[in-house]
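Trainee: I should like to take a close look at one residue of this model and its place in the chain. Could you begin with the overall architecture and then turn to that residue?

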Amino acid sequence: QVQLVESGGASVQAGGSLRLSCVASGYISSINCMGWFRQAPGKEREEREGVASLSGGSTTYADSVKGRFTISRDNALNTLYLQMNSLKPEDTAMYYCAASRVYCSGSYSVPSFQRYWGQGTQVTVSS
């Protein structure tokens, strides 16, 4: 099993920045892909959208965040980050950390097979 705990969500003004963190514990040596999803207000769990993924040294981003968000990982701290700059109101969502034993294979969405989720952290961007 793998446990994921997110933090760093907050309310910010448009144009602002936030850094989300996700601490992983448990059988993390089995993980080959980590990333972030978001679930916009009023959307169902099944409508969560992938934001970014990281596998080894490779990162992939959804077009909506490319150039504004950066995903990174500190292996010594078992922590995944999402640096979010130039935030827009449409970035408002609950952000979830995800991890999978399956490789990302170039997708910005962490594969659903053997996927673990964190509990989420809320990001609200006001205009």
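Mentor: In this predicted model, the chain contains eleven strands and zero helices. The order of elements from the N terminus is accordingly β-β-β-β-β-β-β-β-β-β-β. With a radius of gyration of 13 Å, close to the 14 Å that the globule rule gives for 127 residues, the chain is as compact as a globular protein of that length. The C-alpha trace spans about 40 × 30 × 25 Å along its principal axes. Of the contacts in the chain with a separation of 6 or more, 61% join residues 24 or more positions apart. Buried residues account for 45% of the 127 residues, and the chain exposes about 6300 Å², of which carbon and sulfur atoms supply 47%.

The residue to examine is Thr92, which is located in the loop between strand E8 (79-84) and strand E9 (93-100). Thr92 counts as buried because its relative accessibility is 16%, and the cut-off for that class is under 20%.

The side chain of Thr92 takes part in two backbone contacts, listed here in turn. It reaches the backbone oxygen of Pro89 at 2.9 Å. The side chain of Thr92 also reaches the backbone nitrogen of Val125 at 2.9 Å. Val125 appears again when neighbours within four places in sequence are left aside: Thr92 is then in contact with Ala40, Pro41, Gln122, Val123, Thr124 and Val125.

Technical notes
Residues are numbered from 1 along each chain as its sequence is written. This is a predicted model: local features need pLDDT of at least 70, side-chain atom pairs count only at pLDDT 80 or more; totals for chains, interfaces and linings use all residues. Side-chain values use heavy atoms; hydrogens and water are left out. Helices (H or I, at least four residues) and strands (E, at least two) are DSSP runs, numbered from the N terminus. Buried means under 20% relative accessible area, exposed over 50%, partly exposed in between (1.4 Å probe, protein chains only). A polar contact is a pair of N or O atoms within 3.5 Å; within protein, one must be able to donate a hydrogen and the other to accept it, and residues adjacent in sequence count only if both atoms are side-chain atoms. Contact means heavy atoms within 4.5 Å. The radius of gyration is taken over C-alpha atoms; the globule rule is 2.2 Å times the number of residues to the power 0.38. Accessible areas come from the Shrake-Rupley method with a 1.4 Å probe; for residues, only the protein chains shown count as cover.
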